[in-house]
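Subject: Structure for you to look at

Hello,

Here is the structure I promised to pass on. Please open it beside this email and follow along.

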Amino acid sequence: MKVYKVNNKNYEKHVLVGSFERPAVVKFVSENCHLCVNLKPVYRELAKMFDKQYSFFTVDTDEEPDMAKFFLTDGVPTIFTVKQGETKELPYPYDNADELTGYPKQYLIDYLNKMTQPKEG
């Protein structure tokens, strides 16, 4: 599965509208951020693992400063999920952050698996 780069012009069409057909995972990054650079291969691997459940996107905050201002609260890397047009920030694992990527791979896998489970109740 491919990771698509989105920007302010195509975000609504590809991510928000597209999330009604398939949930989206959106990673906000900067090429000047070592955690972001190190997260890139893990994110591509997730895109392959979850290619039937999610569409994967990335936003370069250096190229899209307005999007960065609108979405980001704590800096990069930051990951959001978008389902049925509703955007949720994936909680950053401050207590268990990975030194190389910020987000531990298994944490991401578990979170995405949980999101695909039917809600109880």
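One definition to begin with: a residue is called buried under 20% relative accessible area, exposed over 50%, and partly exposed in between. Glu 86 has a relative accessible area of 47%, so Glu 86 is partly exposed. Keep those cut-offs in mind, as they come back below. Please also remember that this is a predicted model.

**Where Glu 86 sits**

Glu 86 belongs to strand β5. Compare its place with that of Pro 23. The two are 63 residues apart in sequence. In space, their C-alpha atoms are 9.5 Å apart.

**The overall layout**

How many helices and strands does the protein chain have? There are 4 helices and 5 strands. Their order along the sequence is β-α-β-α-β-α-β-β-α. Trace that pattern on your screen once before you go on.

Next, the dimensions. The C-alpha trace spans about 40 × 35 × 25 Å along its principal axes. A compact globule of 121 residues would have a radius of gyration near 14 Å. The protein chain has 14 Å, so the two agree.

Buried residues account for 42% of the 121 residues. The exposed surface of the protein chain comes to about 7,400 Å². Carbon and sulfur atoms supply 50% of that area.

Now the contacts. Take those between residues at least 6 apart in sequence. Of these, 71% join residues at least 24 apart.

Charges are quickly told. The protein chain has 16 positive and 18 negative charges. Their mean positions lie 7 Å apart.

**Two nonpolar cores**

Which residues touch the most other members of the largest nonpolar core? They are Phe 56 and Leu 108, in a core of 17 residues. Helices α2 (34–49) and α4 (105–116) each supply at least two residues of this core. A second core lies apart from it and has 14 residues. Among them are Val 15, Val 59, Leu 72 and Val 82.

Look at Leu 108 more closely. Leave aside its neighbours within four places in sequence. Leu 108 is then in contact with Leu 39, Val 42, Leu 46, Ile 79, Leu 90 and Tyr 103.

Leu 72 is a member of the other core. Find Leu 72 in the loop between α3 and β4. Is Leu 72 buried or exposed? Its relative accessibility is 18%, so Leu 72 counts as buried. Again leaving out neighbours within four places, Leu 72 is in contact with Phe 28, Thr 61, Met 67, Thr 78 and Phe 80. Leu 112 is 40 residues from Leu 72 in sequence. Their C-alpha atoms are 20 Å apart in space.

**Cys 33 and a cis bond**

Go to the loop between β2 (24–29) and α2, where you will find Cys 33. Cys 33 is buried, because its relative accessible area is 12%. What does Cys 33 touch, not counting residues up to four places away in sequence? It touches Val 76 and Pro 77.

Those two partners deserve a second look. The peptide bond from Val 76 to Pro 77 is cis, with omega near -5°. Pro 77 is found in the loop between α3 (65–71) and β4 (78–83).

Cys 33 can also be placed against Pro 65. They are 32 residues apart along the chain. Their C-alpha atoms are separated by 15 Å.

**Two more residues to click on**

Start with Gln 84, in the loop between β4 and β5 (86–89). Gln 84 is not a glycine, yet it has a positive phi of about 55°. At 47% relative accessibility, Gln 84 counts as partly exposed.

Then try Asn 113, in helix α4. Asn 113 counts as partly exposed too, at 32% relative accessibility. Val 29 is 84 residues away from Asn 113 in sequence. From C-alpha to C-alpha, the two are 23 Å apart.

**To recap**

The protein chain has 4 helices and 5 strands. The largest nonpolar core has 17 residues, and another core of 14 residues lies apart from it. Buried Cys 33 touches Val 76 and Pro 77, and the bond from Val 76 to Pro 77 is cis.

Best wishes

Key:
Residues numbered from 1 in each chain as written. Predicted model: local features only at pLDDT ≥ 70, side-chain atom pairs only at ≥ 80, totals over all residues. Heavy atoms only, no water. Rg over C-alpha atoms; globule rule 2.2 N^0.38 Å. Buried < 20%, exposed > 50% of the residue type's maximum accessible area, 1.4 Å probe, protein only. Contact = heavy atoms within 4.5 Å. Areas by Shrake-Rupley, 256 points an atom, 1.4 Å probe, with all protein chains shown as cover. Lys, Arg positive; Asp, Glu negative; His and termini not counted. Charge placed at Lys NZ, Arg CZ, Asp CG, Glu CD. Core = buried A, V, L, I, M, F, W, Y, C linked by side-chain atoms within 4.5 Å.
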